[in-house]
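Hi,

Here is the structure I promised to pass on. Have a look at it first, and my notes follow underneath.

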Amino acid sequence: MIKHILAISGSLRNTSSNTNVLKACAVLAPDDVKITLYEGLDKLPYFSPELDGEGAVPAPTVQDLREQLKKADAVIFCTPEYAFGVPGVLKNALDWIVSSGEFYDKPTAVISASPLATGGDKANASLVQTLTVMSAIIKEGNKLLIPVVRTKMDAAGNVIDKELETALAQVIRSLV
């Protein structure tokens, strides 16, 4: 039974549409499901196998990310698309998790939000591929593209588009 979902935004911007989408998911989640926003993406060191190999002790921020992932029953991502791919900070975080196995059989949802009409489709596909290699469980209903996101949320980050609200609720239901 899924009771706790860790939400990870691929954006570091204070006014990020992607982070706001995850905050909206927290509001739309069933009362018995808690969605916690991960806030350490910008504090992770650059990944290097030498810092995570045999005998190495990963930085406390890496250990914290791993611990939060272990405690979560599921994970939901929302990412922008940069140069047709996943932002470097998000890929860096995932690189720290490849060998430690926190995504093994972890129910996961992948959302991408973009000001473009493509909805960040290439970043979404890339993130799904990376997480699949890491053995995350991503059902078809756990993927969502949000095109022209700025027309679907107001300046305060509230969802103002009924179709988007319905789609986010469906992703959460599918994940749970």
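I searched the whole structure for disulfides and found zero. Keep in mind that this is a predicted model. Take Cys 25: the closest cysteine sulfur to its own is in Cys 78, 7.2 Å away, which is too far for a bond, given that a disulfide needs the two sulfur atoms within 2.5 Å. Cys 78 is likewise in no disulfide, with the sulfur of Cys 25 as its nearest cysteine sulfur. As for their surroundings, Cys 25 is buried, at a relative accessible area of 1%, and Cys 78 is buried too, at 0%.

Now the overall fold. The protein has five helices and five strands, and along the sequence they follow the pattern β-α-β-α-β-α-β-α-β-α. Its radius of gyration is 15 Å, close to the 16 Å that the globule rule gives for 176 residues, so the protein is as compact as a globular protein of that length. If you want a feel for the dimensions, the C-alpha trace spans about 50 × 35 × 25 Å along its principal axes.

On the inside, buried residues make up 49% of the 176. Among contacts with a separation of 6 or more, 76% come from residues 24 or more positions apart.

On the outside, the accessible surface comes to about 8900 Å², and carbon and sulfur atoms account for 55% of that. Lastly, the charges: there are 17 positive and 20 negative ones, and the mean positions of the two sets lie 3 Å apart.

Cheers

Methods: Residues numbered from 1 in each chain as written. Predicted model: local features only at pLDDT ≥ 70, side-chain atom pairs only at ≥ 80, totals over all residues. Heavy atoms only, no water. Helix = DSSP H or I, 4+ residues; strand = E, 2+ residues; numbered from the N terminus. Rg over C-alpha atoms; globule rule 2.2 N^0.38 Å. Buried < 20%, exposed > 50% of the residue type's maximum accessible area, 1.4 Å probe, protein only. Contact = heavy atoms within 4.5 Å. Areas by Shrake-Rupley, 256 points an atom, 1.4 Å probe, with all protein chains shown as cover. Lys, Arg positive; Asp, Glu negative; His and termini not counted. Charge placed at Lys NZ, Arg CZ, Asp CG, Glu CD.
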